[in-house]
Protein chains: 2
Amino acid sequence: MRQNPARRAALLDAAIEVLAREGARGLTFRAVDTEAKVPNGTASNYFTNRDDLLTQVGHRFYERLTPDPGMLAASMEGPRDRDHVTRLMHDLVERISDFRSGYLALLELRLEATRRPELRRLLTERVRADLDFNVDNHLRSGMPGDETTVVLLYLALNWLIVERLTLPDVFPADRIHTLVTDVVERVLPGPGRPD
Amino acid sequence: MRQNPARRAALLDAAIEVLAREGARGLTFRAVDTEAKVPNGTASNYFTNRDDLLTQVGHRFYERLTPDPGMLAASMEGPRDRDHVTRLMHDLVERISDFRSGYLALLELRLEATRRPELRRLLTERVRADLDFNVDNHLRSGMPGDETTVVLLYLALNWLIVERLTLPDVFPADRIHTLVTDVVERVLPGPGRPD
């Protein structure tokens, strides 16, 4: 297998675009080569088979969304309160929604995972690791809320992004914004919550 | 177009199985005929084109999940309190999860809708109508909570079902159960909520 990391990343980014545009069935090595504008046969030198390609696409999605250390540090400045969590969640929803093709590709991967046990196993590990990281990061940073808070934010905001990216007219744009605030408001226990 | 309602329903049910198993790209009139065990050419007598078939699959999903009047009446018996809402949400999550192929087919439709404006328009109307019905039903029944309660339940429980049906090992089965209770607990305002 070839190992040029920049080339590999470019092929994975091309695969993300193909998945989002054509669906899982449209994802062939040839389609990836065409999308990446590289000679036919290149993708097959980088990935052992389709499962390998699909799995690496999953990793690439999370890699591209991982904030750099400076951004992570900046996001932690200021008091650890409800407003802070709300701001972080707005940023997160914007950042993920802006990577539209990546999120749609990940949904295609989830549906493919129902048909491919090995992909399902590896994607489960990746999602679990992401969720554990978020729980750990939230608790260690001293933000308000507990593990359940983080899991419920994960659940509600994921579907909010699905709605926004697949059927954007179900909720108007300003309602999407207030819904993020509403989710944090309700999911966070503690004072300040209107009962 | 042919109009035998039972035959039409059987073809749509077959289309749901094909979508869930093969993905959107696998859905052809021929595949539907084969799945429904009817002569080749039958589906093309019932649906004007692929968009028509996809749209009707969306309607069929909601039709199959609509509770009958007796079930709806039974679900409204007893005090309108937090425990009642929790019980309804557990029932709902079970009912939707049990229709696994239908839910996976609907996810395929949502992804197809990003590529097909007419499907997107019709699916948006259907989802919006379902959400409006749920909000209206909740408020008129005197259950605790407001419109935001219903929308947040919709968001969190949808992704919980996605998780359960696509990557069932991310959360163990008993955690799925407690998460439904947790969602209702946090999303419902009012007394009884541990702060």
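**Exercise 1. Salt bridges between helices α1 and α4 of chain A**

The side chains of A:Asp13 and A:Arg64 meet in a salt bridge, at 3.0 Å from N to O. Task: state which helices hold A:Asp13 and A:Arg64.

Solution.
A salt bridge here is a side-chain nitrogen of Lys or Arg within 4 Å of a carboxyl oxygen of Asp or Glu.
Step 1. A:Asp13 lies in helix α1 of chain A and A:Arg64 in helix α4 of chain A, so the pair ties together parts 51 residues apart in sequence. Helices are DSSP runs of H or I with at least four residues, strands are runs of E with at least two, and both are numbered from the N terminus.
Step 2. A:Arg64 is partly exposed, its relative accessible area being 37%. Buried means under 20% relative accessible area, exposed means over 50%, and partly exposed lies in between (1.4 Å probe, protein chains only).
Step 3. A:Asp13 also meets A:Arg60 in a salt bridge, at 2.8 Å from N to O. This pair links distant parts of the chain, with A:Arg60 in helix α4 (residues 50-65) and A:Asp13 in helix α1 (residues 5-22), 47 residues apart.
Step 4. A:Arg60 counts as buried, at 13% relative accessibility.

The model is predicted: local features need pLDDT of at least 70, side-chain atom pairs count only at pLDDT 80 or more, and totals for chains, interfaces and linings use all residues. Residues are numbered from 1 along each chain as its sequence is written, chains are lettered from A and ligands numbered from 1 in the order in which they are written, and side-chain values use heavy atoms, with hydrogens and water left out.

**Exercise 2. The fold of chain A**

Task: give the secondary structure content of chain A and the share of its residues that are buried.

Solution.
Step 1. Chain A has 10 helices and 0 strands.
Step 2. Its C-alpha atoms fill a box of roughly 60 × 35 × 30 Å along the principal axes.
Step 3. Of the 195 residues in chain A, 51% are buried.
Step 4. Among contacts in chain A with a separation of 6 or more, 68% come from residues 24 or more positions apart. A contact means heavy atoms within 4.5 Å.

**Exercise 3. A leucine in helix α7**

Task: decide whether A:Leu109 is buried or exposed, and list its contacts beyond four places in sequence.

Solution.
Step 1. A:Leu109 is found in helix α7 of chain A.
Step 2. With a relative accessibility of 1%, A:Leu109 counts as buried.
Step 3. Leaving aside neighbours within four places in sequence, A:Leu109 is in contact with A:Leu19, A:Leu54, A:Val57, A:Gly58, A:Leu119 and A:Leu123.
Step 4. For A:Leu109 and A:Leu123, the separation is 14 residues in sequence and 8.3 Å in space, C-alpha to C-alpha.

**Exercise 4. The interface of chains A and B**

Task: describe the contact between chain A and chain B by residues, buried area and salt bridges.

Solution.
Step 1. Chain A and chain B each give 55 residues to the contact.
Step 2. About 4,800 Å² is buried between the two chains, with carbon and sulfur atoms giving 59% of it. Buried area is the accessible area (1.4 Å probe) that two parts lose on being put together, summed over both.
Step 3. In chain A, the residues losing the most area to chain B are A:Arg25, A:Trp159 and A:Arg186, together 17% of what that side buries.
Step 4. There are 10 salt bridges between chain A and chain B. B:Arg115 forms a salt bridge with A:Glu108, with the closest N and O atoms 2.7 Å apart.
Step 5. A network of salt bridges links A:Arg50, A:Asp51, A:Glu112, A:Arg115, A:Arg116 and B:Glu108.

**Exercise 5. Helix packing across the interface**

Task: classify the packing of α10(A) against α9(B) by angle.

Solution.
Step 1. Helix α10 (residues 173-187) of chain A and α9(B) pack at about 90°, their axes 11 Å apart. Axes are lines fitted to C-alpha atoms, for helices over the stretch in contact, and angles run from 0 to 180 degrees between N-to-C directions.
Step 2. α10(A) and α9(B) are therefore roughly perpendicular to each other. Angles under 35 degrees count as roughly parallel, over 145 as roughly antiparallel, 65 to 115 as roughly perpendicular and the rest as oblique.
Step 3. Residues of α10(A) that meet α9(B) include A:Leu179, A:Val183 and A:Arg186.
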